Amino acid sequence: MAQEIITPKILRPRYGSLITILSIDGGGIRGMIPAVILANLESHLQELDGKDARLADYFDVITGASTGGLIATMLTAPNENRRPLYAAKDIIPFYHEHCPKIFPQSTGYFRSVMNIMQDLISPKYDGEYLHKLLKNLLGEKRLNDTLTNLVVPAFDIKKLEPIIFSTYSARSDKGLDANLSDICIGTSAAPTYLPAHYFTNNDENGIPREFNLIDGGLAANNPTLVAISEITQEIMKNNPDFKKINVRDFRFLVLSIGTGNNKTEKKYNAKSVAEWGPLSWIYFNGTAPIVDFFMEASGDMVDYHTAVVFQAFAGSQDHFLRIEDETLKGDLNSVDIATPKNMKDLENKAMALLQKPVSCKSLATGLHQPIENGGTNEQSLKWFAKRLSDEKKLRRSNYAKAKATASTASATTVTVTETTTITATATSTTTS
């Protein structure tokens, strides 16, 4: 039986007591931070349930935007054995190996000046290495192939609206059941950094549907609410994966991981920005401020709304864990300075984040503040792993009971049918 029920596609939420969500922010090379956090969480799950435990076995939905969408896909895409393509710990060396090739760094003064001029008229990077990498990594795997439900936002610049690639939607709308490689390329196409991505995908009638995509972070750099909305829609559609849920029965268990920001640096102020023209908003000291502002505003608003919602429901505040570092400075806060030193510094910063006090967003200040007696982020992840493990065990138990009950009912029906047949035959013989 253990082999039969290894993923949430079989261990449906209706067999448990919680709906579990993992959400991963966008942030370029800063995806190293959630990679370290997730490796720590998966190690705790393996301590509880064995070395083969993977995050896709525990979360009903894994969602990510931009670099978070790439991580989410790596965790949910199947290999040839129908297990996750990557263990969480393997994403760390993946970032070390490939980020310097996705974002190659220039050296020398003359080269830097030329690059600045080039950046003003075209994307900073051509994206060719990233496109080839993802095509080779994911092949022809599609959204509906994922081992658990995947949700990835992008933004369609032709339609001027967000596009949500969701395993739920892909089941009923073949036009959205696109190649995972195209989805990842699209959600990662950050304006000024990487080129927009165009592709088509045939719907159920064989008619091509076109997509003109840029970074999913513009739609939802923190996609937590996107995932919650997808699940809520499925509940409203009476999806049999879910129990009938009373609106007051708020039973989400959510882990939301940020990629860091520089709130403590206070790099900009109104006096200096007031003098900027269009070029300064697009390019300033090697960054694209307007993109940074949009991404941070999007992520923070979601964090704020989620914190309000979870705090508003009695007993649900401890069902939401947000891990974020607001102290990144200099190169650490860049989305593309992928030097070996900076990548290693990001990994070390994430390791240090594990030992920081667990925090939650203050509705008064908008900043994260330590929770009194809340322990460290690593301790919270260990607690979170226990909740996930217990939920999985509950689902296994209830699934087994439901299966046994169904078998008993089937056997009873067969017995009744056989008895009726025998009785009818005996009656017919007596009459003759």
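Are D60 and R395 buried or exposed? Both are buried, and I come back to this pair in point 2. Keep in mind throughout that this is a predicted model.

1. Salt bridges overall. The structure holds 18 salt bridges. I picked out a few that I would look at in the viewer, beginning with the pair from the opening question.

2. D60 and R395. Their side chains meet in a salt bridge, at 2.7 Å from N to O. D60 sits in the loop between helix 1 and strand 2 (61-64), while R395 belongs to helix 14 (residues 377-431), so this pair ties together parts that are 335 residues apart in sequence. As said, neither partner is out on the surface: D60 and R395 are both buried.

3. D241 and R12. Here is another salt bridge, with the closest N and O atoms 2.7 Å apart. R12 comes from the segment before strand 1 (19-24) and D241 from the loop between helix 9 (224-236) and strand 7, so the link ties together parts that are 229 residues apart in sequence. The two ends have their own surroundings: D241 counts as buried because its relative accessibility is 13%, which is under the 20% cut-off. R12, on the other hand, is partly exposed, with a relative accessible area of 27%.

4. K158 and E210. In this salt bridge the closest N and O atoms are 2.5 Å apart. K158 is in the loop between strand 3 (149-156) and strand 4 (161-166), and E210 is in strand 6 (residues 208-214), so the parts being tied together are 52 residues apart in sequence. K158 is exposed at 58% relative accessible area, whereas E210 is partly exposed at 29%.

5. The D25 network and N261. D25, R322 and E324 are linked in a network of salt bridges. E324 is worth a second look, as its side chain also makes a polar contact with the side chain of N261, at 3.4 Å. N261 itself lies in the loop between strand 7 (252-257) and helix 10 (270-273). Despite being a loop residue, N261 is buried, with a relative accessible area of 1%. Leaving aside neighbours within four places in sequence, N261 is in contact with E296, E324, D325, E326, T327, L328 and N333.

6. The nonpolar interior. The largest nonpolar core has 80 residues, and L22, L75 and F165 are the ones with the most contacts inside it. Helix 1 (residues 32-49) gives the largest share of this core, 9 residues. Apart from it lies another core, of 15 residues, including V151, A227, I228 and F320. For F165, if residues up to four places away in sequence are not counted, the residues touched are L143, L150, V151, V152, A154, L176, A178, I183, F199, F211 and L213. Note that V151 turns up among the contacts of F165 and is also a member of the 15-residue core.

7. A nonpolar patch outside. M301, Y304 and V308 form a nonpolar patch on the surface, with about 240 Å² of accessible area together. M301 lies in helix 12 (residues 289-312) and is partly exposed, with a relative accessible area of 45%.

Key
Residues are numbered from 1 along each chain as its sequence is written. This is a predicted model: local features need pLDDT of at least 70, side-chain atom pairs count only at pLDDT 80 or more; totals for chains, interfaces and linings use all residues. Side-chain values use heavy atoms; hydrogens and water are left out. Patches are made of residues with over 30% relative accessible area and no salt bridge: like charges are joined within 9 Å, nonpolar side chains (Val, Leu, Ile, Met, Phe, Trp, Tyr) within 5 Å. Accessible areas come from the Shrake-Rupley method with a 1.4 Å probe; for residues, only the protein chains shown count as cover. A salt bridge is a side-chain nitrogen of Lys or Arg within 4 Å of a carboxyl oxygen of Asp or Glu. Helices (H or I, at least four residues) and strands (E, at least two) are DSSP runs, numbered from the N terminus. Buried means under 20% relative accessible area, exposed over 50%, partly exposed in between (1.4 Å probe, protein chains only). A polar contact is a pair of N or O atoms within 3.5 Å; within protein, one must be able to donate a hydrogen and the other to accept it, and residues adjacent in sequence count only if both atoms are side-chain atoms. Contact means heavy atoms within 4.5 Å. A nonpolar core is a set of buried Ala, Val, Leu, Ile, Met, Phe, Trp, Tyr and Cys residues joined through side-chain atoms within 4.5 Å.
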